[in-house]
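User: I am new to this structure and would like a close look at a single part of it, with enough of its surroundings to place it. Could you take me through it slowly, explaining the terms as they come up?

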Amino acid sequence: MVIELIIALGILLFSGLMFYETTKFPPTRFTDIGPEYWPQIVLGGMILFSLILLISIFANKQKIGEAPPEEPKPYPLNFWFAIAITVFYIKALPVVGFPIATLLFFIAFLWLLKYRCIKSICLVTVGSTILLVMLFPRLLSIPLPRGTGLFRMITLFFY
Amino acid sequence: MNALFAALVNLLEPANLAVLVGGVFLGLLSGATPGISGTMMVVLLIPITYSLPADTSFLLLAAVYCASVFSGSISAILFRTPGAPEAVATTLDGYEMTKKGKAAEALGVSIFSSATGGLIGTIILITVAPRLAKVALKFGPTEYFALAMVGLSVITVLGASNMVKAVISGLFGLFLATIGIDPTAGVPRFTFGIGALMSGMELVSVLIGLFAISEVLRRVLEDNTVKQQVGKITSTLPNLPMIKRLSGTIFRSSLIGTFIGILPGIGATTAAMVGYSEAVRWSKHPEKFGTGVEEGVAAPESSNNAAANGAMVPLLALGIPGSATTAVLLGAFILHGIQPGPLLFFQQPLLVNTLFLGLFISNFLILFMAKPFIKGFANIIRIPYSILGPLILMLCILGTFAIRNNIMDVWFALLFGVIGYVLEKYHFPLAPIILGLVLGGMAEQELRRALIMSGGKWGVFLQSPIALSLLIAGAVLMFWPVVAKLVKGQKQKGTDLPAQ
């Protein structure tokens with residue numbers, strides 16, 4: 001219930017802040033229907049419905065208390081690790097280039113998901129990276145990051 | 001007729017045929033594999049279609065959409081795990097047939113009914129959509145705004161379990177659509193100095209984040225090391241006496257499915273359930289349903305495939321999506337610089353007719369490709385999610401980057417992945433966000449145009465009979481789930497009282 005409450009309050013706060021932001025839009029010269037008109041209707045609706053949600057959370061307090069607890073997930077921390085790996089990958093892309101960053105990404109992710117067969121990890125990692133390099137930069141001519149310095153030289157070998 | 005012939009010639013180009021076959025294969029794969037939906041596959045393919053011509057792109061996406069609706073039944077029949085929500089009703093009799101050792105027959109009936117239902121739906125699509133588009137040509141700003149409202153009214157249907165949350169999701173989507181430079185006044189809105197937001201929130205980033213990345217984030221919490229134990233899988237198409245026996249059920253369910261598919265927001269899942277319950281109602285032996293009868297597989301399968309094609313009618317003729325996947329397809333059209341709606345039939349006749357024929361042939365391809373696919377499916381399903389997960393995530397990152405070669409879009413996709421995960425965990429439906437994002441621009445621009453023309457008077461919407469009818473239809477569609485819930489609650493109270 002606490003998280004539901006935080007989410008509802010978060011939506012209310014977000015909508016309120018964005019509504020305030022619309023008051024800073026410059027007015028139009030020729031008509032009253034300016035750039036703030038529609039966003040204010042939408043954000044007004046969001047404020048109204050987040051208030052209804054808040055009221056309904058309080059009204060259903062009893063019911064929520066009776067609801068059976070959610071089954072615990074085997075690896076709850078994996079959510080944060082998966083995000084961390086992805087953030088590092090996106091950050092590393094411009095520095096080490098696509099092929100090397102992708103190899104490391106696959107190894108880290110497979111390890112995170114408890115894949116422990118070294119032979120398969122090597123096969124999947126190298127195979128997937130080659131496939132993606134063939135598809136995106138080579139076939140579809142998408143300029144994926146090449147990295148800098150030595151990494152750039154290595155990437156240039158691939159595309 | 002000339003346009004259809006030109007489309008046929010276009011479709012027979014080797015590249016287009018190959019794309020169609022590839023699309024059906026990917027659709028079969030995504031629908032059959034639990035954890036990868038047809039919508040997700042369409043989303044992942046959108047960035048790849050940038051380098052392809054528009055007709056080829058939409059052949060690919062439509063084939064994926066069409067085939068994924070059918071293939072959800074494969075895992076529903078074999079493992080009682082619907083690969084797609086549309087196949088929920090198929091589990092009722094399909095899995096019972098598997099338990100009886102008749103899995104091959106159940107799969108065969110599913111293939112035949114799906115292909116037939118899809119073909120009937122496509123024929124109705126080809127006949128109805130152009131006529132509807134001709135009517136829609138008379139539309140002005142008031143009618144277009146009313147039409148957008150009809151499209152948005154679907155939000156309450158998509159989130160019937162918690163309407164307040166569904167409306168918040170829809171409004172959030174409408175808010176996202178306002179980000180960027182306002183096309184009427186030229187003023188930046190909610191950009192906060194971020195250059196990448198000037199042209200608006202990138203639809204693909206939102207789509208990939210909400211539907212694909214959030215799903216991977218959800219799956220990483222589970223134990224993905226468990227391998228699916230699968231034996232040899234085959235399928236047997238129904239023989240002539242069986243086809244004769246099932247023809248009435250298939251035809252009736254296909255008509256029901258197409259009609260439900262045309263109605264915005266009802267979708268293939270409801271169509272399958274209605275098709276199934278009507279098959280029970282019309283059957284001479286209703287007591288046998290649920291014990292593993294062929295009619296129990298034929299009815300939902302023909303109905304959901306017909307509905308999938310029926311949902312293309314409002315998408316193409318009016319530019320309003322009827323389901324989550326058609327909302328994604330609408331986004332794909334916009335990304336290719338094409339606005340679905342009445343003008344599409346006159347500006348892009350080749351594209352529309354190629355798409356029609358592509359859908360028609362896709363259903364035939366399902367009939368021929370499903371059998372060998374099912375044979376190989378046993379090997380595909382053995383691939384653990386610990387390999388599929390990172391691959392999907394990688395495709396998400398590359399797909400988002402490929403749109404504008406901008407790393408900022410990847411960050412946005414990741415952000416929406418987290419938002420999608422949290423929202424879904426707390427029962428906020430995601431499809432209304434996409435509906436709001438896709439229809440928001442149209443709704444705002446047409447509303448402002450109509451109000452500017454009328455001097456700011458809202459009464460202008462009551463002066464046009466078409467706009468008024470559409471607004472009433474939208475209101476009925478929007479409040480129908482609320483009324484239905486109230487009526488259901490009252491009925492339940494009524495039945496509970498005597499017991500007390």
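Analyst: A residue is called buried here if 20 or more other C-beta atoms lie within 10 Å of its own, exposed if 12 or fewer do, and partly exposed in between, with C-beta atoms placed from the backbone. This is a predicted model, in which local features need pLDDT of at least 70, side-chain atom pairs count only at pLDDT 80 or more, and totals for chains, interfaces and linings use all residues. Residues are numbered from 1 along each chain as its sequence is written, while chains are lettered from A and ligands numbered from 1 in the order in which they are written.

The part to look at is helix α5 of chain A, residues 98-112 (helices are DSSP runs of H or I with at least four residues, strands are runs of E with at least two, and both are numbered from the N terminus). In α5(A) the buried residues are Phe98(A), Pro99(A), Ala101(A), Thr102(A), Phe105(A), Phe106(A), Phe109(A), Leu110(A) and Leu112(A). They lie on the same side of α5(A), because they cover an arc of only 160° around the axis, the arc being that of the directions from the helix axis to the C-beta atoms. As for length, the 15 residues of α5(A), at 1.5 Å a residue, should span 21 Å, and the end C-alpha atoms are indeed 21 Å apart; the expected span is 1.5 Å times one less than the number of residues. Just after α5(A) comes Lys114(A), which takes a positive phi of about 65°.

What do the buried residues of α5(A) pack against? Their partners are α4 (78-96), α6 (118-139) and α7 (149-158) of chain A, together with α17 (385-404) of chain B, where contact requires C-beta atoms, placed from the backbone, to lie within 7 Å.

That partner in chain B leads to the contact between the chains, which takes 51 residues from chain A and 45 residues from chain B. On the side of chain B that touches chain A, α8 (163-178), α17, α18 and α19 each supply at least two residues. By class, that side of chain B divides into 30 nonpolar, eight polar and seven charged residues (Ala, Val, Leu, Ile, Met, Phe, Trp, Tyr, Cys and Pro count as nonpolar, Asp, Glu, Lys and Arg as charged, and the others, Gly among them, as polar).

Between α18 (407-425) and α19 (431-453) of chain B runs a loop that holds His427(B). His427(B) has a positive phi of about 65° although it is not a glycine, and it counts as exposed because it has 12 C-beta neighbours inside 10 Å. Elsewhere in chain B, Phe192(B) lies in the loop between β2 and α9. Phe192(B), also not a glycine, has a positive phi of about 50° and is exposed, with 8 other C-beta atoms within 10 Å.

The loop between β2 (188-189) and α9 (203-219) of chain B is also the place of Gly200(B). Gly200(B) is partly exposed, since 18 other C-beta atoms lie within 10 Å. Leaving aside residues up to four places away in sequence, Gly200(B) touches Ile179(B) and Gly180(B). Its C-alpha atom is separated by 9.1 Å from that of Asp182(B), 18 residues apart along the chain.

How values were computed: Contact = placed C-beta atoms within 7 Å.
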